[in-house]
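Trainee: Hi! I'm new to this one and would like a walk through it. Could you pull it up for us?

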Amino acid sequence: MDPVEQLREAVTVIESAATARDECRRVILCTPADADRIRRWVGQAGYDDILTVAESQYVQTGLVYLIDKAAVEAAAAEAIQRMRTFWWGA
């Protein structure tokens, strides 16, 4: 196989892996008391490039939430579009 073709295939695989990695990004929502411990675990496990730890006073003690931010944003955009269609027909 031609070296340029091999390089092209390799770049395609790398781009696919990068896209997959971006698509699996998540936010961990936890209590402020647990945030540092969870951040340490995320860093030690090597997931700090795909997991972001956010603290909230509204999370109950003993619970954590794993949030797909892209899915939430997509659902919100879809809901807004449905409301526009319902109210204005466009």
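Mentor: Here is a short tour of this predicted model, from the overall layout down to single residues.

Trainee: Great. How many helices and strands are there in the protein chain?

Mentor: There are 3 helices and 3 strands. Read from the N terminus, the elements run α-β-α-β-β-α.

Trainee: And how much of the protein chain is buried?

Mentor: Buried residues are 14% of the 90 residues. The chain exposes about 7200 Å², and carbon and sulfur atoms supply 59% of that.

Trainee: What share of the contacts comes from residues 24 or more positions apart?

Mentor: Counting contacts with a separation of 6 or more, 69% are between residues 24 or more positions apart.

Trainee: Let's zoom in on helix α2. What span should it have, and how far apart are its end C-alpha atoms?

Mentor: Helix α2 covers residues 32–45, which is 14 residues. At 1.5 Å a residue it should span 20 Å, and its end C-alpha atoms are 20 Å apart, so the two agree.

Trainee: Which residues of α2 are buried?

Mentor: They are D34, A35, I38 and V42. The cover over them includes the strands β1 (26–30) and β2 (51–55).

Trainee: What happens just after α2?

Mentor: G46 comes there, with a positive phi of about 80°.

Trainee: Switching to charges: how many salt bridges does a search of the whole structure find?

Mentor: It finds 5. One of the pairs is R37 with D34, where the closest N and O atoms are 3.4 Å apart. Both residues sit in helix α2, 3 residues apart, about one turn of the helix.

Trainee: Are those two buried or exposed?

Mentor: One of each. R37 counts as exposed because its relative accessibility is 51%, while D34 counts as buried because its value is 16%. The cut-offs are under 20% for buried and over 50% for exposed.

Trainee: What about R39, which residue does it meet in helix α2?

Mentor: R39 meets D36 in a salt bridge, at 3.6 Å from N to O. They are 3 residues apart in helix α2, so about one helical turn separates them. R39 also forms a salt bridge with E55, with the closest N and O atoms 3.4 Å apart. That pair links distant parts of the chain, since R39 is in helix α2 and E55 is in strand β2, 16 residues apart.

Trainee: So what do the shared partners add up to?

Mentor: D36, R39 and E55 are joined into one network by salt bridges that share partners. As for exposure, R39 is partly exposed at 35% relative accessible area, and E55 is partly exposed at 42%.

Trainee: New topic: where is S56?

Mentor: S56 is in the loop between β2 and β3 (65–67). S56 is buried, because its relative accessible area is 15%, below the 20% cut-off.

Trainee: What is S56 in contact with?

Mentor: Apart from neighbours within four places in sequence, S56 is in contact with L29, C30, T31 and P32. A polar atom of the S56 side chain also lies 3.1 Å from the backbone nitrogen of Y58.

Trainee: Last one: which residues form the nonpolar patch on the surface?

Mentor: M83, F86, W87 and W88 do, with about 620 Å² of accessible area together. F86 lies in helix α3 (residues 69–88) and is exposed, with a relative accessible area of 63%.

Definitions and conventions. Residues are numbered from 1 along each chain as its sequence is written. This is a predicted model: local features need pLDDT of at least 70, side-chain atom pairs count only at pLDDT 80 or more; totals for chains, interfaces and linings use all residues. Side-chain values use heavy atoms; hydrogens and water are left out. Helices (H or I, at least four residues) and strands (E, at least two) are DSSP runs, numbered from the N terminus. The expected span of a helix is 1.5 Å times one less than its number of residues. Buried means under 20% relative accessible area, exposed over 50%, partly exposed in between (1.4 Å probe, protein chains only). Contact means heavy atoms within 4.5 Å. Patches are made of residues with over 30% relative accessible area and no salt bridge: like charges are joined within 9 Å, nonpolar side chains (Val, Leu, Ile, Met, Phe, Trp, Tyr) within 5 Å. Accessible areas come from the Shrake-Rupley method with a 1.4 Å probe; for residues, only the protein chains shown count as cover. A salt bridge is a side-chain nitrogen of Lys or Arg within 4 Å of a carboxyl oxygen of Asp or Glu. A polar contact is a pair of N or O atoms within 3.5 Å; within protein, one must be able to donate a hydrogen and the other to accept it, and residues adjacent in sequence count only if both atoms are side-chain atoms.
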